[in-house]
Amino acid sequence: MKAGWRVAAVVGATAFVVLITSLPAHATLSISVPTSTVNLGSVAIGGTLSQQLGTVRVTANGLTLLWTATVASTDFITGSGTPAEKVVKGSIHYWSGPATFTSGLGVTRVPGQVTALQKVSLAGSQTAFRVIGSLVASTTDWNPTIVTVIPAGAVAGTYTGTITHSVA
Amino acid sequence: MFSSGSRNRDRDIYQERLGTDMRTRSKLATIALTTGLALAGFTGIAGPAQADVTGDTIATFTITGGVLAITVPASTVALATGTVNAGEATATGQLGAVTVADGRGALLNSWTTTVSSTAFITGTAPDTANETVAVANIAYSSGAATAHTGLGAFVPGVLANGSVPGTAGTHTGFAGNSSSTWNPTLVFTLLSSQVAGTYSGTITHAVA
């Protein structure tokens with residue numbers, strides 16, 4: 001009887017392990033952005049630059065029902081970054097444009113800003129692109145445009161900053 | 001006879017053994033359960049590698065600077081001196097707007113404007129001393145700026161007789177583009193023997 005009990009106990013443990021490993025996978029979501037430094041152009045003081053950043057891609061599996069990609073910018077700085085040597089992020093504008101490549105049918109995609117007229121200032125984070133309904137794995141690409149409005153009081157030089165895309 | 005007592009004792013011993021066995025069995029069951037849970041813990045937590053949900057793109061742009069430029073009244077300016085009778089000590093008139101536009105987009109937008117002049121003469125060469133107002137007898141005063149844009153300030157220049165060529169005006173150093181305009185006054189000191197006539201000369205402004 002003792003032996004019988006022990007066997008039963010061991011069998012119970014095994015059964016436990018099998019149950020856990022057969023649970024379903026979880027939702028996955030990832031974003032890839034241009035990683036080489038992007039040159040947004042050259043212009044005189046008081047002018048405006050308009051330049052595409054490069055392709056941003058969001059990949060989601062079939063369990064990701066919806067997602068929102070957001071974009072934010074740092075201030076752009078030249079020299080030692082004194083107030084005159086800074087173009088604040090409020091002068092950096094963004095418009096996503098429509099999707100440039102998609103995969104996955106029946107996915108409802110909403111670009112952040114379809115045309116240049118809808119461009120938004122990156123003084124704060126902004127929505128770059130959204131999927132508001134999806135039952136399948138999907139890929140969504142877009143190539144956003146950065147519009148830089150040079151203030152009248154800016155100083156000549158080459159300015160550097162970072163634009164960050166996130167997805168959740 | 002105490003045979004029942006013995007039997008009870010046997011029974012007691014038997015019960016004791018059962019108790020031990022039960023406890024052993026419970027222990028085994030507990031251990032198995034714990035092991036099962038620990039294994040499940042491993043399998044559940046270990047999943048695919050964490051995917052990137054954020055990405056940074058470094059971007060640059062260049063702001064190009066323009067030039068520092070000066071504009072002066074076009075030739076010929078008839079200095080509005082009013083009627084200057086022979087024997088008067090001086091003749092005074094304003095030249096017209098002089099403007100320095102600083103488009104360099106510099107961190108320090110400072111500059112200096114210098115002014116020089118030829119002698120003012122009347123009649124035809126060779127001119128005698130009485131037909132000439134020498135450079136040393138020309139005084140220049142910029143006066144305060146009549147207009148200014150951007151950061152920084154225009155600092156007026158005053159040049160007494162004998163100081164031309166000299167500094168007509170300067171701009172203090174602040175950041176960014178700026179523009180300054182002034183209307184200088186010229187004072188010609190005349191000789192008591194100065195000849196009557198219309199005197200001409202050239203005033204030159206340069207900025208750097």
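Mentor: In chain B, residues 24 or more positions apart account for 74% of the contacts with a separation of 6 or more. Please keep in mind that this is a predicted model.

Trainee: What share of such contacts in chain A comes from residues 24 or more positions apart?

Mentor: In chain A, residues 24 or more positions apart supply 77% of the contacts with a separation of 6 or more.

Trainee: Which secondary structure elements does each chain contain?

Mentor: Chain A comes to one helix and 15 strands. Chain B likewise has one helix and 15 strands.

Trainee: How much of each chain is buried?

Mentor: A residue counts as buried when its relative accessible area is under 20%. Of the 168 residues of chain A, 40% are buried, while in chain B buried residues make up 28% of 208. As for the surface, chain A exposes about 8200 Å², with 63% belonging to carbon and sulfur atoms. For chain B the accessible surface is about 11800 Å², and carbon and sulfur atoms hold 61% of that area.

Trainee: I should like to learn how to read a sheet. Which strands form the open sheet of four strands in chain A, and in what order?

Mentor: In general, the strands of a sheet pair through backbone hydrogen bonds, either parallel or antiparallel. In chain A, the open sheet of four strands follows the order E1-E4-E13-E9, and its pairing is antiparallel. Its edge strands are E1 (29-32) and E9 (101-103) of chain A, each of which pairs on one side only. On average, neighbouring strands in this sheet are turned by 10° against each other, direction ignored.

Trainee: How many bridges join E1(A) to E4(A)?

Mentor: Four bridges join these two antiparallel strands, E1(A) and E4(A). To find a position to inspect, take Ile31(A), which stands opposite Val58(A) in E4(A).

Trainee: Let us turn to charged side chains. How many salt bridges does the structure hold over all chains?

Mentor: There are two salt bridges over all chains. In one of them, the side chains of Asp141(A) and Arg57(A) meet at 2.7 Å, N to O. Asp141(A) lies in strand E13 (residues 138-142) of chain A and Arg57(A) in strand E4 (residues 56-60) of chain A, so this pair ties together parts that are 84 residues apart in sequence.

Trainee: Are Asp141(A) and Arg57(A) buried or exposed?

Mentor: Asp141(A) is buried, because its relative accessibility is 6%. Arg57(A) is partly exposed, with a relative accessible area of 32%.

Trainee: Which residue forms a salt bridge with Arg104(B)?

Mentor: The partner of Arg104(B) is Asp102(B), and their closest N and O atoms are 2.7 Å apart. Arg104(B) counts as partly exposed at 26% relative accessibility, whereas Asp102(B) counts as buried at 2%.

Trainee: Finally, how many aromatic pairs are there over all chains?

Mentor: A pair of aromatic rings is described by the distance of the centres and the angle of the planes. The count over all chains comes to eight aromatic pairs. Among them is the stacked pair of Phe154(B) and Trp182(B), with 4.6 Å centre to centre and 15° between the planes. Phe154(B) lies in strand E10 (residues 154-156) of chain B and Trp182(B) in strand E13 (residues 178-182) of chain B, so the pair ties together parts 28 residues apart in sequence. Both Phe154(B) and Trp182(B) are buried.

Trainee: Which residues form one aromatic cluster in chain A?

Mentor: Trp67(A), Phe129(A) and Trp142(A) form one aromatic cluster.

Notes. Residues numbered from 1 in each chain as written. Chains lettered and ligands numbered in written order. Predicted model: local features only at pLDDT ≥ 70, side-chain atom pairs only at ≥ 80, totals over all residues. Heavy atoms only, no water. Salt bridge = Lys/Arg side-chain N within 4 Å of Asp/Glu carboxyl O. Buried < 20%, exposed > 50% of the residue type's maximum accessible area, 1.4 Å probe, protein only. Phe/Tyr/Trp six-rings, centres within 6.5 Å; stacked < 30°, edge-to-face > 60°. Contact = heavy atoms within 4.5 Å. Areas by Shrake-Rupley, 256 points an atom, 1.4 Å probe, with all protein chains shown as cover. Pairing = 2+ DSSP bridges. Axes fitted to C-alpha atoms, helices over the stretch in contact; angles between N-to-C directions.
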